[in-house]
Amino acid sequence: PFIFPAVRINREYFGDGTMRQIAPLSPALHLGADRMMVVTTGRQVSDPARIRTHSYPTLAQIAGHALNSIFLDGMHVDIERVQRINRTVRLIPEEMRNAEGERLREVKILVMSPSQPIERIAARFLNDLPRTIRFLLRGIGAMNRRGSNLASYLLFERSFCGALIDLGYRDTMERRTEVRDFFNGT
């Protein structure tokens, strides 16, 4: 919201909803969704590998981490919450799920996340950024691999977007049977 302005639609302005969306799956659930396909930009790693470093994090690394906390952590927490509730609902006998007007239901969820870290892909395309942006990012340490996470939020260059589209296509094709089954309701 500090970089990209809100857009006027009819008489209202709309900005990035993730700033206030602590539970991003909640609106779909409240509207009665019983299945959701969630596409994330963060990798679903159960045990992330720690990278040993001997230098203090740059401002770009800290900013990238903060942006991930704002935009990705809420989604991951919400996905885990739905999965945990699904496990609990499965433990409740069917006849008790609808007791006292409360309809408890399992919500099928398919999470699609990139097989490669987005920041590593971004690092390959940092030189495609406009010169003034590169100059500013260099000053805070975002023009190297360790700072590329922040730059990935600003890279809208055709080459980077194309690489992301290609990755999304490959990842989806890798899971095409699972995706097809999800949409066919099996």
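**Aromatic pairs, salt bridges and surface features of the chain**

F183 counts as exposed, at 54% relative accessibility (buried is under 20% relative accessible area, exposed over 50%, partly exposed in between; 1.4 Å probe, protein chains only). The model is predicted, so local features need pLDDT of at least 70 and side-chain atom pairs count only at pLDDT 80 or more, while totals for chains, interfaces and linings use all residues. Residues are numbered from 1 along each chain as its sequence is written, and side-chain values use heavy atoms, with hydrogens and water left out.

F182, the sequence neighbour of F183, counts as buried, at 4% relative accessibility. A search of the whole structure gives two aromatic pairs (Phe, Tyr or Trp rings, with the six-membered ring for Trp, whose centres lie within 6.5 Å; planes under 30 degrees apart are stacked, over 60 edge-to-face, the rest tilted). F182 and F183 form an edge-to-face pair, because their planes meet at 85°, with ring centres 5.3 Å apart. The ring of F182 also has a charge over it: the charged end of R35 sits 5.1 Å from the ring centre. For this assignment, NZ of Lys or CZ of Arg must be within 6 Å of the centre and within 35 degrees of the ring normal.

The protein chain contains seven helices and four strands (DSSP runs numbered from the N terminus: H or I of at least four residues for helices, E of at least two for strands). From the N terminus, the elements follow the order β-β-α-β-α-β-α-α-α-α-α. The C-alpha trace spans about 65 × 45 × 30 Å along its principal axes. Of the 186 residues in the chain, 27% are buried. Contacts (heavy atoms within 4.5 Å) were examined between residues at least 6 apart in sequence; 77% of these join residues at least 24 apart. The chain exposes about 13600 Å², and carbon and sulfur atoms supply 56% of that area (Shrake-Rupley method, 1.4 Å probe; for residues, only the protein chains shown count as cover).

Salt bridges were assigned where a side-chain nitrogen of Lys or Arg lies within 4 Å of a carboxyl oxygen of Asp or Glu. The count is four. One of them joins E106 and R90, with the closest N and O atoms 2.5 Å apart. This pair links distant parts of the chain: R90 is in helix α2 (59-91), E106 is in the loop between α2 and β4 (108-112), and 16 residues separate the two. Both partners are partly exposed. E106 has a relative accessible area of 36%, and R90 has 45%.

A salt bridge also connects E178 and R175, with the closest N and O atoms 2.9 Å apart. E178 counts as partly exposed at 39% relative accessibility. R175 is likewise partly exposed, at 25%. E94 and R97 form another salt bridge, and here the closest N and O atoms are 3.5 Å apart. This pair has one exposed and one buried partner. E94 is exposed at 51% relative accessibility, whereas R97 is buried at 13%.

Towards the N terminus, V7, I9 and F14 form a nonpolar surface patch with about 270 Å² of accessible area together. Patch members need over 30% relative accessible area and no salt bridge; like charges are joined within 9 Å, and nonpolar side chains (Val, Leu, Ile, Met, Phe, Trp, Tyr) within 5 Å. V7 lies in strand β1, residues 7-9. V7 is partly exposed, at 48% relative accessibility. F14 belongs to strand β2 and is also partly exposed, with a relative accessible area of 41%. Beyond residues up to four places away in sequence, F14 touches A6, V7 and I9.

N10 lies in the loop between β1 and β2 (12-14). Most residues other than glycine have a negative phi. N10 is not a glycine, yet its phi is positive, at about 55°. N10 counts as exposed, at 70% relative accessibility.

T40 occupies the loop between β3 (35-39) and α2. At 9% relative accessibility, T40 is buried. With neighbours within four places in sequence left aside, T40 contacts M75, I79, V111, M112, S113 and P114.
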